[in-house]
Each structure stands twice: as C-alpha cells, then as structure tokens.
Amino acid sequence: MVLLAASGFNLLKVNPGLVIWTLATFSIVVIVLKKFAWDKILHALEERASGIQDDIGKAESLRKEAELSLKEYKDKLHQATEEAHKIVEEGKRDALALRSKLTEETNQEVKNIKDSALREIELAKSKALSEMQTQIVEMSVLIASEILEKQLKKEDYISFVEKEISKLDKLKLK
C-alpha cells in the first residue's frame, strides 16, 4: 500500500470517470449474466436444493428404518435372553429331578442290598445254629453212650438232648 501511495495511486481518492466505467462494466456483466446464465444458475440451485431435500428425506426415512430395525433387534434380543433363561431354568429343574431320582434309586438299591445281606446272615446263622445243634446232639449221644457204656438208640438220645436244648433256649429267652 505504501508503494501504491508512493506511485501516486490513492485508493481513498474518488475518480468520477473510474466510477462511471466501473458501474457500466458491472451493469453489463449483470445484464449478460441475467440474460444467459441467471436462469441456469437458479435452475442449478433449485435442483441442488431439491436434491438436498430428497437426500434429507431419504436420510430421515433411513433413520426411521434404522430405529425400527434397532427396536426389532432389541425385542428379538430380549426374547432370546428370556428364552435362554427359561432353558437354563428348565435344565436346572431337570438336573434336580434327575439327581433326586438317582438318589432315591441309589438309596433303594442300598436298602435292598442291606436287606438281602441281613437275610443271608440270618439264613447262615440259622443254618450254623442248626448244624451246631445237630453236632451237639450227636456228640452228646456219643459221649453219653460212652459214659453209660451201653448203646441205646441214637434217636432216643437225640430227642432227650433236643428237649434239654429247648429248655435251655426257653430259659435264655426269659
């Protein structure tokens, strides 16, 4: 600016001839633009504005679709979560029922084995007592026959000893 002022050109100084030529040039440019380009420019701006409006409308519809899809997704996710919880609860109930059933079956099997073992023990005990009584009777008969040195019938001695043993059993029970 200092160079312009030094060369004698001042921007603040109004030159009437320059103003007239500037206004004339501006007016001609505006008339030429209005005649040849103004309608095209306005038309292009309107098309652009309508394209922008269409894009805004599409964006709004896409936003609504996205919101709807998100809502549907959330609903499906919620349903899937509830279904998963139901399946887990059902699995827990089934597992508890199976556990209870297996425990009951195991307890019954243990009871059956115990009862069977007790029966076998009682049978073995009865058999052992019976064999022991028979041997005692036979030994008693043998001993008595040697003592008396006389051979009586074996059946007589057996019945005598059995009577004595039953008397002893009756005394034990009292």
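The chain holds three helices and zero strands, and, read from the N terminus on, its elements follow the order α-α-α. This is a predicted model, and the description below should be read with that in mind.

A first view of the whole chain comes from its surface. Of the 174 residues in the chain, buried ones make up 3%, while the area that the chain exposes comes to about 16300 Å², with carbon and sulfur atoms supplying 64% of it.

Among the buried parts, the largest nonpolar core consists of five residues, namely Val137, Val141, Tyr157, Val161 and Ile165. The elements that contribute two or more residues to this core are α2, which spans 16-148, and α3, which spans 154-173. Of these, α3 gives the most, with three residues. Val161, one of the members of the core, offers a way to look at its surroundings in more detail: when residues up to four places away in sequence are not counted, Val161 touches Val137 and Ser140. Val137 is itself a member of the core.

From the core, the reader can turn to a nonpolar patch on the surface, which is made by Trp38, Ile41, Leu42 and Leu45 and covers about 380 Å². Trp38, one of the residues of this patch, lies in helix α2, the helix that also gives two or more residues to the largest nonpolar core. Why does Trp38 count as partly exposed? Its relative accessibility is 44%, and partly exposed describes residues between the limits of under 20% for buried and over 50% for exposed, so Trp38 falls into that middle class.

Methods:
Residues numbered from 1 in each chain as written. Predicted model: local features only at pLDDT ≥ 70, side-chain atom pairs only at ≥ 80, totals over all residues. Heavy atoms only, no water. Core = buried A, V, L, I, M, F, W, Y, C linked by side-chain atoms within 4.5 Å. Buried < 20%, exposed > 50% of the residue type's maximum accessible area, 1.4 Å probe, protein only. Helix = DSSP H or I, 4+ residues; strand = E, 2+ residues; numbered from the N terminus. Contact = heavy atoms within 4.5 Å. Areas by Shrake-Rupley, 256 points an atom, 1.4 Å probe, with all protein chains shown as cover. Patch = residues over 30% accessible without salt bridge, like charges linked within 9 Å, V, L, I, M, F, W, Y side chains within 5 Å. Salt bridge = Lys/Arg side-chain N within 4 Å of Asp/Glu carboxyl O.
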